[in-house]
Amino acid sequence: MSDDEPDVTDETDEEAPQPELCYLCGAVVDDSTEWCAIVPDSSSIHAVDPKLDGKRMVVGCTKEHLAELVEQYKQRPFVDAELWAGKIARVMQQHPEGVSDKEMSRETGLKPAQIELGVLWQNLEFLRWRQEFGDDDPESSS
C-alpha cells in the first residue's frame with residue numbers, strides 16, 4: 001500500500017455481536033440452543049447497577065450443561081466480604097480522587113463495619129495472591 005492510499009479498516013468486525021459460548025464446554029450457542037440461568041456469585045459486580053451485584057448469568061449449550069453450571073455455583077461459597085469489596089472497588093473506580101467515609105457508605109449501601117470487612121477481605125486476598133505468586137517488584141527485594 002502506498003502513502004497516498006487511505007488505510008481502510010473493516011468496521012463490521014467491531015460492530016458484529018460476538019457469539020455466546022457455553023460456559024461449561026465452550027461450544028458456540030445460538031438463540032435456539034441457549035439455556036440461561038442467574039446464579040449467586042459474590043465475585044460478580046455489575047458495572048453500574050448495584051441491584052445486580054452478587055448475581056451472574058451463566059449460559060449452557062444444553063439443559064444438562066446448564067444444570068452442571070448451576071450445580072457448580074451452588075458449591076461455590078457466597079462470601080459477603082467479597083461482594084462488599086467489589087462494591088467498594090466500583091465506587092473507587094467511579095471516584096479516583098477519593099470519597100469520604102460517609103459518601104462510601106451512601107454509594108455502596110454498606111455500613112461502616114461492612115466496608116471495613118470488605119477492605120480487610122481485599123487486603124487478605126492480595127496477601128494470599130502475593131504468597132502464591134510472589135512479588136516481581138525488583139525494588140522490594142533490595
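Where is Leu120 found? Hello everyone, let's start there. This is a predicted model, and in it Leu120 sits in helix 5, which covers residues 112-133.

Is Leu120 buried or exposed? The answer falls in between: Leu120 is partly exposed, and its relative accessible area is 44%. Leu120 also belongs to a nonpolar surface patch, together with Leu117, Leu124, Phe126, Leu127, Trp129 and Phe133. Taken together, these residues have about 710 Å² of accessible area.

Now let's go inside. In soluble globular proteins, nonpolar side chains tend to be buried together. Here the largest nonpolar core has 9 residues: Ala81, Trp84, Ala85, Ile88, Val91, Met104, Leu110, Ile115 and Trp121. Two or more residues of this core come from each of helix 3 (80-94) and helix 5. Helix 3 gives the largest share, with 5 residues.

Take a look at Ile115, one of the core residues. Setting aside neighbours within four places in sequence, Ile115 is in contact with Ile88, Met104, Ser105, Thr108 and Leu110. Apart from this core there is another one, made of 6 residues, including Ala37, Val58, Leu66 and Leu69.

Last stop, the cysteines. How many disulfides are there? The count is 0. Let's see why Cys61 has no bond. Its closest cysteine sulfur, in Cys22, is 3.7 Å from the sulfur of Cys61, and a disulfide needs the two sulfur atoms within 2.5 Å, so this pair is too far for a bond. Cys61 is buried, at 17% relative accessible area, whereas Cys36 is partly exposed, at 37%.

Thanks for listening!

Conventions: Residues are numbered from 1 along each chain as its sequence is written. This is a predicted model: local features need pLDDT of at least 70, side-chain atom pairs count only at pLDDT 80 or more; totals for chains, interfaces and linings use all residues. Side-chain values use heavy atoms; hydrogens and water are left out. Buried means under 20% relative accessible area, exposed over 50%, partly exposed in between (1.4 Å probe, protein chains only). Patches are made of residues with over 30% relative accessible area and no salt bridge: like charges are joined within 9 Å, nonpolar side chains (Val, Leu, Ile, Met, Phe, Trp, Tyr) within 5 Å. Accessible areas come from the Shrake-Rupley method with a 1.4 Å probe; for residues, only the protein chains shown count as cover. A salt bridge is a side-chain nitrogen of Lys or Arg within 4 Å of a carboxyl oxygen of Asp or Glu. Helices (H or I, at least four residues) and strands (E, at least two) are DSSP runs, numbered from the N terminus. A nonpolar core is a set of buried Ala, Val, Leu, Ile, Met, Phe, Trp, Tyr and Cys residues joined through side-chain atoms within 4.5 Å. Contact means heavy atoms within 4.5 Å.
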